[in-house]
Amino acid sequence: MEARPYTIRDVRDADHDRVCAVVVAAFGQEDEAMLVHRLWDAGAVTIERLAVVDDEIVGYCAFSPVTCTPKLVGPLFGLAPVAVRPDHQRTGLGSAMIKDGLKACRELGARMIAVLGDPKYYGRFGFEPASEKNMSWAAQDAGDAFRVMIDDENHWGDIKTNETRLVHFHPAFDALS
Ligand SMILES: CC(C)(COP(=O)(O)OP(=O)(O)OC[C@H]1O[C@@H](n2cnc3c(N)ncnc32)[C@H](O)[C@@H]1OP(=O)(O)O)[C@@H](O)C(=O)NCCC(=O)NCCS
């Protein structure tokens with residue numbers, strides 16, 4: 001599909017059903033939409049963005065708090081899910097939502113943002129292999145697919161540890177893995 005004019009904006013309660021429909025369409029199953037519901041119910045979505053084209057919601061992404069062992073003082077976020085309706089994929093909407101959400105995370109003073117997904121796709125936003133920062137996804141070793149973005153300049157000295165630091169997504173994710 002050709003790129004069309006779009007708007008990226010925050011989510012309102014009235015958007016929830018349409019957001020879930022987009023998430024189901026993007027993943028081809030309901031699991032991720034149920035995850036989004038669990039995150040909303042837990043009040044665990046710190047930042048979320050949606051993409052609107054021709055007055056229709058066609059994309060969604062969410063950032064929720066993550067924790068680390070050994071402990072890392074936050075704010076720490078995980079990006080998931082990211083979903084664009086299939087008929088609007090590869091038109092830049094995913095990138096636009098992620099970039100806007102990352103900017104909002106930085107404005108909140110984010111110290112670390114984690115993501116699990118295609119290394120090539122997320123690498124373009126500056127997510128680096130977590131292993132390079134001695135970090136790993138707590139649920140399993142996801143290799144290069146588990147990536148983090150760290151506010152190096154201000155914090156890397158405090159964050160550094162010899163022990164592998166495990167990153168835990170919000171408990172709402174447990175039913176997914
Ligand atoms: C992954 C997803 C969110 C990307 O959103 P999008 O709006 O289609 O992507 P964008 O238009 O911003 O970026 C397009 C670029 O990313 C690449 N890309 C898109 N999806 C990709 C994927 N799954 N893996 C690798 N590269 C991908 C494209 O090749 C394209 O590269 P180019 O700019 O060099 O041509 C979207 O395809 C989607 O909803 N997929 C299904 C759900 C999913 O897998 N979500 C991610 C896991 S949480």
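Reader: Which strands does helix 1 lie across?
Author: In this predicted model, helix 1 lies across strand 2 (47–53), strand 3 and strand 5. Relative to strand 3, helix 1 runs at about 90 degrees.

Reader: And helix 2, what does that touch on the sheet?
Author: Helix 2 packs on the sheet too, touching strand 3 and strand 5. Its direction makes about 140 degrees with that of strand 5.

Reader: How do helix 1 and helix 2 pack, angle-wise?
Author: They pack at an angle of about 145 degrees, and their axes are 8 Å apart. Helix 1 brings His16, Val19, Cys20, Val23, Val24 and Phe27 to the contact, while helix 2 brings Glu32, Ala33, Val36 and Trp40.

Reader: What's the mix by class in that contact?
Author: Eight nonpolar residues, one polar and one charged.

Reader: Staying on helix 2, which of its residues are buried?
Author: Glu32, Ala33, Leu35, Val36 and Leu39. They cover an arc of only 155 degrees around the axis, so they sit on the same side of helix 2.

Reader: What do those buried ones pack against?
Author: Helix 1, strand 3 (56–65) and strand 5.

Reader: Anything about the backbone just after helix 2?
Author: Yes, Gly43 sits just after helix 2 and takes a positive phi of about 65 degrees.

Reader: OK, switching to the seven-strand sheet. What's the strand order?
Author: The order is 1-2-3-5-6-9-7, in an open sheet with mixed pairing. Strand 1 (7–9) and strand 7 (128–129) are the edge strands, each pairing on one side only.

Reader: How does strand 7 hook up with strand 9, parallel or antiparallel?
Author: Antiparallel, with two bridges joining strand 7 to strand 9 (residues 146–150). Glu128 has Val148 in strand 9 as its bridge partner.

Reader: And at the other edge, how many bridges join strand 1 to strand 2?
Author: Three, and the two strands run antiparallel. One pair to look at is Arg9 with its bridge partner Leu50 in strand 2.

Reader: Is strand 2 largely enclosed or exposed?
Author: Largely enclosed by the rest of the structure, because five of its seven residues are buried.

Reader: How many bridges does strand 2 make with strand 3?
Author: Seven, and that pair runs antiparallel. Arg49, for instance, has Cys61 in strand 3 as its bridge partner. The hairpin of strand 2 and strand 3 has two residues between the strands, and in this hairpin Asp54 takes a positive phi near 50 degrees.

Reader: Then there's the three-strand sheet. What's the order there?
Author: That open sheet goes 4-10-8, with mixed pairing. Its edge strands are strand 4 (67–69) and strand 8 (135–137), and each pairs on one side only. From one strand to the next, the twist averages 30 degrees.

Reader: Which way do strand 8 and strand 10 run, parallel or antiparallel?
Author: Parallel, and three bridges join strand 8 to strand 10 (residues 165–168). Ser136 stands opposite Leu166 in strand 10.

Reader: Last topic, the ligand. Which residues come nearest?
Author: Ala26, Gln89, Gly94, Ser95 and Asp118, out of the 18 residues around the ligand.

Reader: Which elements supply that shell?
Author: Helix 1 (16–27), strand 5 (76–84), helix 3 (93–107) and helix 4 (119–123) each supply at least two residues. Strand 5 gives the most, with five residues.

Reader: And how does the shell divide by class?
Author: Nine of its residues are nonpolar, six are polar and three are charged.

Key: Residues numbered from 1 in each chain as written. Predicted model: local features only at pLDDT ≥ 70, side-chain atom pairs only at ≥ 80, totals over all residues. Pairing = 2+ DSSP bridges. Helix = DSSP H or I, 4+ residues; strand = E, 2+ residues; numbered from the N terminus. Axes fitted to C-alpha atoms, helices over the stretch in contact; angles between N-to-C directions. Near = placed C-beta within 6 Å. Nonpolar A, V, L, I, M, F, W, Y, C, P; charged D, E, K, R; others polar. Contact = placed C-beta atoms within 7 Å. Buried ≥ 20, exposed ≤ 12 C-beta atoms within 10 Å, placed from the backbone. Arc of directions from axis to C-beta.
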